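Work through the exercises below with the sequence and the model side by side. Each task is followed by its solution.

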Amino acid sequence: MCGIVGYVGVRDAVPIILDGLQRLEYRGYDSVGVALYADNVIQVRRQAGKLANLRQCVEAEPVSGTIGIGHTRWATHGAPVERNAHPHLSMNGEFVVVHNGIVENYLELREELSAEGVIFKSDTDTEVIVQLIEEFASNGAHGDVAEATRLAVQQLRGAHAIVVMSRRQPDRLVAVRIGNAGGIAVGTGEHEHFIASDIPAILDYTHHMLFLESRQMAIVKRDSYEIQTLGGQSVHALPQSIPYDPISAVKGEFKHFMQKEIFDQARSITDTIGGRVDFENSQVVLPSLNLTAERAQQIERVVTVACGTSYYSGLIGKFFIEQLARLNVEVDYGSEYRYRDPILDETTAVLAITQSGETVDTLAAMEEARDKGALVWSIVNAVGSQAMRIADGYISMNAGPEIGVASTKAFTTSVVDQYLLALYLGQLRGKLAPDAIRIHAQALARLPDLVGRTLELEGAIRELAHQVYSYTNFLYLGRGINYPIALEGALKLKEISYIHAEGYPAGEMKHGPIALIDEQMPVVAIALKDKVYDKMLSQIEQAKARDAIVIALATEGDTVIQTKADHVLYLPETSPLLAPVLSVVALQLLAYDVAVRRGADVDQPRNLAKSVTVE
Ligand code: AGP
C-alpha cells in the first residue's frame, strides 16, 4: 500500500527520492518522509499529510546526500501523524528503515525489545524491524547491515518489503522482499542505483530493472548490486528492459490523472488488441499464455479471482468465456477464495485479474491454486509484477501506468483481455469456427472508435453531473452482462465522491431495494437494446412510479426511452458482449464529474490506495 524509493549514487538523492515519491503518492498518501546519510549521521524529515508538506519541510530545513530512502504511507498501525511516518530510526540512530507490509507479531516483539530497554518512539509495527536490526548488529552481525537485516527479518511474521540504510556502512542500501507485501525493483544506472516499490518511481532515471522474488535480499551500492537469498546464497539476476514511456504517466492537458486515464481508453484498448488478432486468418494469438490446444482441451472450468474493480471485470469475463469457449466460470473475491478450501485440480484454470499485480489477496488465491495443482493465469497491467511472474501464463493489459486510484482504463483493458482469452480458448477447444472468430474480432476492432464516440458525451455528462451531484444516495441497475457495470458504476461513484451508491441486478429490485426509492433517489439504469431491454424498461417504469430520478444509458436511436427516463445518455451500437465497455466509460465520466463538482480529491480519495498489499 505504501510507496518506497531509494537512491545511492553521485547525485543529490533528495530530488530523486521526492520526485519518485510523487509518482508513488497514489499508493498511500497519509504521511511521508525521507532519510539521508550526511555528515556522519542519518537525517530524517517526515510530515503528516501529502508530499507537498514534506517538500515544504525540506525547503525550510534543507538536507542533502548521495544516499537515501523515502516513503509515502498508508497507515495500518498508528494514526497518520509525523511520529508514525516512515522512515523509522533505531534507538541509537544507527539504522533507518522504510517498510511496506504488516509485522503480524509486532506486539510480542515490541514487548521483548522493551523488556531489554529499547525505547519506542512510534505506534507502528515497522519500528520493531529497525530496533531488531540495531540489536542484531551488535549481537551476531558484527555491525554488518545486510547480516543484521537478514537476522532481524527472520523474526518477523507476515509479508514485507523493507529497505534499510546504516550509519555504519553508508555506501549501501539493503532491500528485502518477503511474501507479497509489494514489489522491490532495483534500477541500474551509471555510478548509481535506484530502489522502488513500483516502476514509475524511477522510470525517469532508468529503464533497466530487476525484481526481487520473495525471500530475496539486494545489497545495492553506487557501482554494484548483489542479490542473495535470505539464506545467504548468491542469486544470478540480470536487469530487464522496461518499455513504459514515462510521458504517459504525466497529466498533460487534463486536470486529473483519472480524467486522463478515462480519455486514454480508445488508445489503451487499441494497444490491448494490437498484435493479438490475426485478422487475415481469423485467429487470436496469445503467446504469453503458454497454452497448447491439448492443454486447453483438458480444462473443465475456469475460476476467476480478483478484488474490487478487477472482480467486476471478472464477472463480465464470465459471460465471454461461457459463451465463446463453452467453459463454466466461477468468479470469486481473492480475499474470500483461499479461506474456502476450494476444490481445485489440474482441470481447473485459475485466472487472476489484477491491475497492480501486487494485490495480496489475489496473489494468495493464486498461490492456493498453484499449491492445489491448477493451471494459473493472470491478467495484469504492471509489467514485472508478482502476479505476472508467478503465473503459468499471463495476458498484459497494455494500459500503461494507471495513476488515479479509481481504476478506469485497467478495467476496460482487462475486459478486452478476457474477450481475447475467451476467443482464444474457443479457438483452441474447437468451439469457435474461424468465421465466428472473424465476426467477434471485427466487433472488437471497432471498439476503440466507439469508445472515442462515447467520450464525446463528456459535455452532456458534465451538465448532468451538475444537476445530480448533491444527492446523497444513488442506485445503479443493470441486467445480464450489464449488471457488473451497475456494480462498477456504483463503486466508481462511491470511491471518489463519497456518495453512497449501490449496484443491483434490476430484477432484484422488487425483492427489497425498491423500498429505498423516492424523489431523492437518482436511479442509473443501463437499458441498452439487448435481450433484456424490455425488462429494463419495466424496471424504469417501476422506479418512475415511485418518483425516482431516472438516468438511462440507452442505445443510439432508441426514442421510446426518452419518454420513460428523466435523462438519457446515448451510446453507440455495438455487439451485446462488448456493450459493457461503452456503458462503463459513460459511468466513469459521470462519477468523475460528480466528484469534481463536489470538490473531492479525485486522484487520491480518502482512505484508499492504489496497490492493496495488506490483508
Ligand atoms: C478500483 O477503482 C479500486 N480502487 C480497487 O477496487 C481495485 O480495483 C482493487 O483494489 C484491485 O486492485 P488490483 O486490480 O490492482 O488487484
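**Exercise 1: polar contacts of the ligand**

Ser407 places a backbone N or O atom 2.8 Å from an oxygen atom of the ligand. The protein covers 90% of the 420 Å² of accessible area that the ligand has on its own (Shrake-Rupley method, 1.4 Å probe; for residues, only the protein chains shown count as cover). This is a predicted model, in which local features need pLDDT of at least 70 and side-chain atom pairs count only at pLDDT 80 or more, while totals for chains, interfaces and linings use all residues. Residues are numbered from 1 along each chain as its sequence is written, and side-chain values use heavy atoms, with hydrogens and water left out.

Task: find what lies 2.4 Å from an oxygen atom of the ligand, and what lies 3.1 Å from a nitrogen atom of the ligand.

Solution.
- Step 1: the 2.4 Å distance belongs to a polar side-chain atom of Thr359.
- Step 2: the 3.1 Å distance belongs to a polar backbone atom of Val405.

**Exercise 2: the shell around the ligand**

Task: state which helix gives the most residues to the shell, and how the shell residues divide.

Solution.
- Step 1: helix 9 (308-325) and helix 16 (483-497) each supply at least two residues; helices are DSSP runs of H or I, at least four residues, numbered from the N terminus.
- Step 2: helix 9 gives the most, with 3 residues.
- Step 3: the shell holds 4 nonpolar, 8 polar and 2 charged residues. Asp, Glu, Lys and Arg count as charged; Ala, Val, Leu, Ile, Met, Phe, Trp, Tyr, Cys and Pro as nonpolar; the others, Gly among them, as polar.

Note on methods: A polar contact is a pair of N or O atoms within 3.5 Å; within protein, one must be able to donate a hydrogen and the other to accept it, and residues adjacent in sequence count only if both atoms are side-chain atoms.
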